[in-house]
Every structure is written in structure tokens, then in C-alpha cells.
Amino acid sequence: MISVQQAEDIILSQFQDYGEESISYDLAIGRVLAEDILADRDLPPFDRPTVDGIAINFGSYEKGIHSFRIKTVQSAGEESVAIDSEDQCIEIMTGAALNNTLNTVIRYEDISIDDGIATINIEISKGQNLHLQGKDKIAGEVLVKANQLITPAIIGIAASVGKTNLLVKRLPKVVIISTGDEMINPELIPTAFQLRQSNGITIRSVLEKYKIQADLLHLNDDYKEIKKELIRCINQYDVLLMSGGVSMGKFDYLPQVCEELGIKKLFHKIKQRPGKPFWFGKDENQKLVFAFPGNPVSVFMCLHRYFIPWLEKSLGISPTSPLYAVLQNDIDFAAALQYFVQVKLLIDQTGQLTATFINTNGSGDFSHLAETNAFLELPLEKNSFRKGEVYKVWKYNF
């Protein structure tokens, strides 16, 4: 049995690069950007007003001219208009292209207009109310760095520079396999001795954040069936995510089947609760098997603590700093295991991240996953954890 840190190190050492592909930007939300997005021209591409009003040459104002003849009205999207004399101005709208004969804009609120003459009623300064060409970025500068999940904001930036196709990280092909004779489809009515399948659906829902469309498969506790389907899946998929069949029960066939199929065990069992019987291995073609214990909370914790970090590393997502929270109530845990407890994260009035422990009935009690939003990771070396102490958290609904 290995430690949590050893398990993490082993799993992350098996990260894979699945390559890249180009897709339309309207399909790219949630995918991982594999290229920098550059400015195709200066941003903004021309000097432009930030208000509606009149545009003048400030040199005329310095000479004592405070009233200007309006030459024309220019709206956004039109070609810029030059003035012909120092006592002229252009009535101009926000976002229009400012001609280089003009360099200062005054708001409508600060002028009066009478019979085609605009008079300035306030003190002004040169260059006011202007967004100058290249002020944000110059052509060729990086607007968005690679290796991050594509958000609506990134899609908008891509559209603004004409990037209608984006290079993204190719996703692994994943199958989710649940096991157990007692499990039935969610739409069916269980007997007094049956349970509805939920682990596979939960895992698939989590993966949808990364746009992975995983296939679902359920196997009964039948040795021949499990072996047959694992042979097919290890050839067809990059990653197998399994729940159940890895503990010490008489019908927990997975470790034996994997050994017979040449899937090398990299570890089996971690000093943790929940999720102690977790099995992890790979075949000669670098196909990976994550076999989680069958209890719902064990699956949920192992997925967020181990698989998601592996997936993000494989997709090249830049790592974020670990997240820590201040414990809000005391916890005592006597077992010699690293304890992952369900907590409710909140940000208090001082801006501090806090974690309130929610007591549950073990790894089979999934009813609290909706009201909590993270696992608090409590170190193996301690048995008592006190209010005010700070520990690492693994968020899932926060």
C-alpha cells in the first residue's frame, strides 16, 4: 500500500500527449487551446473616441479658439474625415476612426451647439477622451496564451482577430466501465436488493467540462464477460475509467483479469479514506486503466484527486497553485490513513477561504455531495485536526 503522494507521482508520470487538431472556433468552448492567439493588427487599429462629441485639433484651442464650425458628422465604421482649417471640428461618435488632423475629443455634455457652431464650455486637455492606436496591443503581440481552457471571452478575442479555426489539444478516447450485478439502469425501478447505476454517469458528467464524450459500459460480475470486454476496450480506447471490482470481494475480478491481459499494475491500494482499493495500471501500448472502488464518494474523490490532474497535465493545461482553506470545526480521525472529508467552502467577509466539515456515513453516503463542494485533504501524520488550521482542498462544486 502506497501513500497519496506516491500515487499522485506515479499517475502524473504517466501523462500522455494525444496531439493537436484544428476545429472551428464555434466548437471550441471547453477545449484546451494549443496555440497562442496573436493580434493581427494594432488594437485598437486606429485612434478612436471613447465618447460622443466633437473632435478638434488641440493646437487651435491653445491659440484661444473655443468655438468651431462643424464640418460634418462622422459615425463609427465610416472613413475618417479631415478638417480643412483650424476653426473646424468634426462631430464624431464613439468608436469612429479619428483622422490624424484631429487629436482631442470633447463630450456633447461639455459643449453647446448653435447654428452649426460648437462652443467648448469647460477646460480641456490634449488627447482627452481618446483610445489611441496600439494602446492595448500592437500587431503580432500575444492576446491569449496557449494551454488553457477556452472560455467565451477567448472565443470573442479569437473572432476579433479573424481566428475562425483554433488549434486545440486532441482529447483521449475514454470509456467508463461500471461493474456489479446489483446495479440497474437509472430509468428502471430497483428491487429491494438493487441499486441504480450512477457512478458512470457522474464520471461522464465531470468529463464533459473538458468536452470528452466518454462511452458508458456496465458489466456484471462475470469473469468471462469482464475479460472479453476489457480485451475490446484496451484496444479501442486510450483510457479506461472503472468503478468497482478492485477490492477483496469474491467477485472482484479486475486485478486478476488485468494481469492475464498484460496490463501492468503500477499500484493497488493507497493509504487513504475513501478510495483505499484504487488500482492503476497500463499496457504495453501506454493505454491506462484507472480502476476506482465502487462506492460513489470514493469514485468522486479519486476522480478529482488523481484523474483530473492527470488529464490536465496530459492536455498541457498550465498548473494552478494548490488551494488551501481554513478549517471551521474540529475533526478526529484515528485510522492510519490520509483522510479526505467533504466540506463546504465559503469565502468569509475578510476574503478568507473557509472549509466546514460535513459529517457523513462513509464512502457509500453520496447524499451530501450536492451540499458540499470540495474534499479537504487531511495529512496521514495526524489524528486530530482543529478549527483554524489550514489544509489543502480539492474543489468540485465551487
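This passage walks through the strands, helices and cysteines of a predicted model.

A good place to begin is an open sheet of 6 strands, which follow the order β16-β13-β17-β21-β20-β18 with mixed pairing. At its edges lie β16 (215-219) and β18 (264-268), each of which pairs on one side only. Direction ignored, neighbouring strands of this sheet are turned by 20 degrees against each other on average. Within the sheet, strand β13 (residues 174-179) and strand β17 (residues 239-243) run parallel and are joined by 5 bridges; here I177 stands opposite M242 of β17.

Two helices can be placed against these strands. Helix α4 (residues 199-207) lies across β13, β16, β17 and β21 (288-292), and its direction is at about 160 degrees to β13. Helix α7 (residues 296-314) lies across β17 and β21, running at about 155 degrees to β21.

Further along the chain, strand β22 (residues 323-327) pairs with strand β28 (residues 390-395) in the antiparallel sense through 4 bridges, and A325 stands opposite Y391 in β28. Strand β22 also pairs with strand β25 (residues 353-357), this time in the parallel sense over 2 bridges. There, V326 has T354 of β25 as its bridge partner.

The cysteines complete the picture. A disulfide is a covalent bond between the sulfur atoms of two cysteines. With a cut-off of 2.5 Å between cysteine sulfur atoms, the count comes to 0 disulfides. For C233, the nearest cysteine sulfur belongs to C258 and is 11 Å away, so C233 is in no disulfide by this cut-off. C233 counts as buried because its relative accessibility is 0%. C89 is likewise buried, since its relative accessibility is 0%.

How values were computed. Residues are numbered from 1 along each chain as its sequence is written. This is a predicted model: local features need pLDDT of at least 70, side-chain atom pairs count only at pLDDT 80 or more; totals for chains, interfaces and linings use all residues. Side-chain values use heavy atoms; hydrogens and water are left out. Buried means under 20% relative accessible area, exposed over 50%, partly exposed in between (1.4 Å probe, protein chains only). Two strands pair if DSSP finds at least two bridges between them. Axes are lines fitted to C-alpha atoms, for helices over the stretch in contact, and angles run from 0 to 180 degrees between N-to-C directions. Contact means heavy atoms within 4.5 Å.
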